[in-house]
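Biologist: I would like to learn how to read burial, overall shape and contacts from a model. Can we go through them in turn?

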Amino acid sequence: MKVPGIKGFRDVLPEEAALRRRLIERSRGVLESYGFAEIEIPLMERGELFARSVGSTSDIVEKEMYAFEDRDGALIALRPEGTASVVRAYLEAGLSRAMPIARLYYLGPMFRRERPQKGRFRQFTQIGAEFLGRDDPEADAETLCLVADICEAVELPGYRIEVNSLGDSECRPAYRKALVEFGRAKFDELCDDCKARLERNPLRLLDCKNEQCAEVTADAPMMIDHLCAPCKTHHGRVLELASGLGVELEHNPRMVRGLDYYCRTAFEVSAEGLGAQGAVGGGGRYDGLVAELGGPEQAGIGFAFGVERMQLASTDDEPAPGLDILVAPLAEEAAGVALSLARRLRRADWKVEVGASDKKLKAQLKRADKIGVRYAVLLGPDEVAAGRATVRNLAARSDHAGCFALDATAEEIGRELEGTNQGEA
Ligand code: AMP
């Protein structure tokens, strides 16, 4: 009986893997060009890390976290996001003292028990960055510029970066109160989700997907109109610097982000062709988080892109790089010679597959065609006896065959293979 995979946990088959690798490598290249260094964080953490950082009233912790009791009674969670782990690692390694300004990036799977649908999985991959130790608007502008450069590098079609300011511990409490009062006055018209979270997480009123909620909250108070003077100055300077860098931003006063730890600058990246799950990435400033997790008062700003969403939006259809050579032993006595020849060619950077010696010439050539190799190197009993191999150039589709001595160097063999290209159209 077949055992199916788990809903929301998908396999990445080879044809997809090449695109993912390109998207990741390009993002990584941009991150490293900005001086970000890779950090690897574990897949599991203590559950309380996320309750304290992401927030116990966030959907992620309240409804979506994979948490379980370990054999020793500890509450363990599969990480739903990367920021909390990076900050924990940064504190635990003493980096807040040794390297107070740190630029770190991570890559890997995250787990959220959301309802699976197109572009939304229970295991998905994020590439994210954290810029710790700076609270100045230049850090925000540089981060937004980095986000835009990643979008450019992965050629995200029609990408948009929306920004908002979420205020800080000075101005947000009063705004929050004003929003709760607004919500209470319209309580009967809100959806059940909004009713339930009004007192605990009122900001979510603003990004509720329910159409009636959107109408009801059309004239709700907005954070941007309640910013204190320092937050207002910070926000203005971020926009000014970003604009000077040519980074296009769209102001979205309703964008609040789902996580409790954000303050001031928050942003979300979307792209064309994603439908309902339009967000490719998101992030923001989280100045209280390091202290919340037991560290010093240290600022931070970060973001994460979803690799699956990048894939969905991407129009890159470059085929996966194929193999170069099939070495085809045509008799049992040729098998060992074929394996050793293939090894020599691989060491000279050719991509080589070795056929099965019990297959006939026709089947070997069919296989060569299927895997799309350029050259078939044939090793029959006669060839082995004579210490030579025959080469067919399959890409050139000519009958021109070459041959080379089995004790030739990889360079000599390479020249012989190239020589068979002369029949090519
Ligand atoms: P968040 O940490 O919620 O801001 O998410 C950052 C990015 O991760 C999103 O913009 C998506 O690209 C991606 N992402 C979040 N949740 C999922 C999911 N369930 N499935 C696929 N990608 C996701």
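Modeller: Start with burial: a residue is called buried when its relative accessible area is under 20%, and exposed when that area is over 50%. In this predicted model, buried residues make up 51% of the 425 residues in the protein.

Biologist: Is A153 buried, exposed or partly exposed, and why?

Modeller: Partly exposed lies between the two cut-offs. A153 has a relative accessibility of 24%, so A153 counts as partly exposed.

Biologist: Where does A153 lie, and with which residues is A153 in contact beyond its neighbours within four places in sequence?

Modeller: A contact requires heavy atoms within 4.5 Å. A153 lies in helix α6, which covers residues 137-153. With neighbours within four places in sequence set aside, A153 is in contact with R26 and V30. R26 and A153 are 127 residues apart along the chain, while their C-alpha atoms are separated by 6.0 Å.

Biologist: What percentage of contacts between residues at least 6 apart in sequence join residues at least 24 apart?

Modeller: For the protein, that share is 70%.

Biologist: How should I read the radius of gyration of the protein?

Modeller: Set it beside the value for a compact globule of 425 residues, which would be near 22 Å; the protein has 28 Å. The C-alpha trace spans about 90 × 55 × 45 Å along the principal axes.

Biologist: How many helices and strands are there in the protein?

Modeller: The protein has 16 helices and 16 strands.

Biologist: What is the accessible surface of the protein?

Modeller: It comes to about 21,200 Å², with 49% belonging to carbon and sulfur atoms.

Technical notes
Residues numbered from 1 in each chain as written. Predicted model: local features only at pLDDT ≥ 70, side-chain atom pairs only at ≥ 80, totals over all residues. Heavy atoms only, no water. Helix = DSSP H or I, 4+ residues; strand = E, 2+ residues; numbered from the N terminus. Rg over C-alpha atoms; globule rule 2.2 N^0.38 Å. Buried < 20%, exposed > 50% of the residue type's maximum accessible area, 1.4 Å probe, protein only. Areas by Shrake-Rupley, 256 points an atom, 1.4 Å probe, with all protein chains shown as cover.
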